[in-house]
Amino acid sequence: MKQILFISLLFTLIAFLQASFFPHFPVFGVVPNILVLFFVFFLVLYRSDSVMWFFPAVVSGLVLDMYSSAFIGFWPVLLLSFGFLVQMVKERYAFIR
Amino acid sequence: MLSSSVKKRFLFPVILFLFILFFNFFPGPIRGFFHFVFAPFESLLWSVGSVEKKNNPFESENLMLKAEIAKLQDAKKENETLRIALALSKTSDFTFIVASILGKDAGSDTLVIRMPEQGIAKIGMPVITSDKVLAGKVSEVSDSFAKVLLISHPESSFDAKIPETNAVGLVRGQGRYRLLLDLVQKDEKLSLGNTVVTSSLGGTFPENLLVGTIKEIKDLPTQPFAQAFLEPFGNLQAEEFLLVITEF
């Protein structure tokens with residue numbers, strides 16, 4: 001439980017940085033989505049049989065949604081989709097759990 | 001009867017779906033409340049970012065020290081902006097209010113700004129920098145927060161002109177801070193470095209606000225109109241405050 005809270009807080013902080021800090025540093029005119037990169041990186045390294053990544057994905061996604069013009073839930077759904085995709089690749093092709 | 005494992009499996013998506021559905025019934029107040037709570041933190045992060053942007057040689061400085069510098073610079077910048085705003089209000093024929101930038105949408109060219117008071121901002125109000133450079137227009141309002149659709153957003157388009165040649169055209173946002181001047185008559189002469197400003201034709205923005213300079217001309221014989229890519233004026237990432245024009 002503590003671990004979930006810590007990881008969720010970490011991802012929430014990254015979401016805030018993504019919206020209010022990283023826009024100052026575009027790479028070739030594009031601001032890379034560090035949150036998505038971190039999230040995928042975290043999923044690749046983390047045990048995929050744990051559902052620990054659900055909560056951080058939803059919370060940090062909702063933070064990004066607060067800055068977005070899209071419907072609320074767009075970023076959580078996108079992050080959860082990335083999560084399932086990474087899990088599928090890990091289990092089917094890399095045989096990692 | 002459903003087994004407990006099936007129940008658990010479906011419980012999370014169902015709760016998430018209901019949660020998101022509930023949020024989408026009141027998106028404005030929810031976003032407004034969020035920015036109301038986190039505005040000081042968002043403002044601080046944005047200030048630290050603008051200081052970082054301006055002082056790249058000092059990258060290795062302690063973050064706490066930077067935050068302190070950012071606070072001081074924030075006050076100084078606010079002072080300077082208000083002075084410029086005061087001077088601008090004496091010389092310009094429009095009225096405006098100063099708003100601080102809180103953040104940027106990760107997926108599009110949209111900024112979140114904080115207004116000094118509730119209920120001032122209205123959808124469609126033009127937003128400029130203190131140097132009279134056009135930034136965009138208000139696209140969404142909630143309490144004392146507003147979203148600014150930048151002129152580089154793909155949904156943004158407005159009439160513009162080149163004062164040197166009197167050529168008129170339509171500036172379209174291309175996303176990622178890129179602008180395209182389109183629908184320019186073929187007989188109009190476009191040159192690199194020409195300044196593009198807003199025109200009063202569309203009525204969306206006041207006349208003669210700076211937009212950008214021509215950096216690349218596309219005048220293909222197969223196309224009925226000439227086009228040009230623009231280099232936007234100013235640097236929005238280094239700005240901490242924007243001016244919302246309330247009347248023009």
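The following paragraphs go through a predicted model, beginning with chain B as a whole and ending with one residue of chain A.

Chain B contains 3 helices and 12 strands. Of its 248 residues, 36% count as buried. When contacts in chain B between residues at least 6 apart in sequence are considered, 54% of them join residues at least 24 apart. The domain assignment divides chain B into domain 1, made of 29–150 + 238–247, and domain 2, which covers 157–232. Domain 1 is thus written as two stretches of the chain, and domain 2 as one.

The two domains of chain B touch each other through 9 residues of domain 1 and 10 residues of domain 2. On the domain 1 side of this contact, strands E3 and E4 of chain B each supply at least two residues. By class, that side has 6 nonpolar and 3 charged residues, with no polar ones. The loop between strand E3 (126–128) and E4 of chain B holds B:Lys132. Phi of B:Lys132 is near 65°, a positive value in a residue other than glycine. B:Lys132 counts as partly exposed because it has 18 C-beta neighbours inside 10 Å, whereas a buried residue needs 20 or more.

Next comes the barrel. In chain B, 6 strands form a closed barrel in the order E6-E7-E8-E11-E10-E9, with antiparallel pairing. From one strand to the next the twist averages 45°. As a general point, strands of a sheet pair through backbone hydrogen bonds, either parallel or antiparallel.

Two of the pairings in chain B can be followed residue by residue, starting with strand E6 (residues 157–162) and strand E7 (residues 167–175). These strands of chain B pair in the antiparallel sense over 6 bridges. B:Ile162 has B:Ala167 in E7(B) as its bridge partner, and B:Lys161 stands opposite B:Val168 in E7(B). The hairpin of E6(B) and E7(B) has 4 residues between the strands, and in it B:Asn166 takes a positive phi near 65°. In a regular strand the side chains alternate between the two faces of the sheet.

E7(B) also pairs with strand E8 (residues 178–184) of chain B, in the antiparallel sense and over 5 bridges. Here B:Val171 has B:Leu181 in E8(B) as its bridge partner. E7(B) and E8(B) form a hairpin with 2 residues between them, and B:Arg176 in the turn has a positive phi of about 55°. A positive phi is also found at B:Leu183, a residue other than glycine, with a value near 55°. B:Leu183 is found in strand E8 of chain B. It is partly exposed, since 15 other C-beta atoms lie within 10 Å.

Beyond E8, the loop that leads to strand E9 (195–198) of chain B contains B:Asn194. Is B:Asn194 buried or exposed? It counts as buried because it has 20 C-beta neighbours inside 10 Å, and 20 is the number at which a residue begins to count as buried. Which residues does B:Asn194 contact, leaving aside its neighbours within four places in sequence? They are B:Ile162, B:Glu164, B:Thr213 and B:Ile214. One of these, B:Ile162, is the residue whose bridge partner in E7(B) is B:Ala167. B:Asn194 and B:Leu230 are 36 residues apart along the chain, and their C-alpha atoms are separated by 9.3 Å.

The contact between the chains involves 35 residues from chain B and 21 residues from chain A. On the chain B side, the elements that give two or more residues are helix H1 (4–25), helix H2 (27–54), strand E1 (95–104), strand E2 (110–114) and strand E4 (134–142). H2(B) gives the most, with 14 residues. By class, the side of chain B that touches chain A has 15 nonpolar, 10 polar and 10 charged residues. E4 of chain B therefore appears in two places: it gives two or more residues to the side that touches chain A, and it supplies at least two residues of the side of domain 1 that touches domain 2.

In chain A, A:Gln87 lies in helix H4 (residues 74–92). A:Gln87 is partly exposed because 18 other C-beta atoms lie within 10 Å. A:Gln87 and A:Asp65 are 22 residues apart in sequence and, C-alpha to C-alpha, 24 Å apart in space.

Key: Residues numbered from 1 in each chain as written. Chains lettered and ligands numbered in written order. Predicted model: local features only at pLDDT ≥ 70, side-chain atom pairs only at ≥ 80, totals over all residues. Pairing = 2+ DSSP bridges. Contact = placed C-beta atoms within 7 Å. Nonpolar A, V, L, I, M, F, W, Y, C, P; charged D, E, K, R; others polar. Buried ≥ 20, exposed ≤ 12 C-beta atoms within 10 Å, placed from the backbone. Domains from an automatic or database assignment. Axes fitted to C-alpha atoms, helices over the stretch in contact; angles between N-to-C directions.
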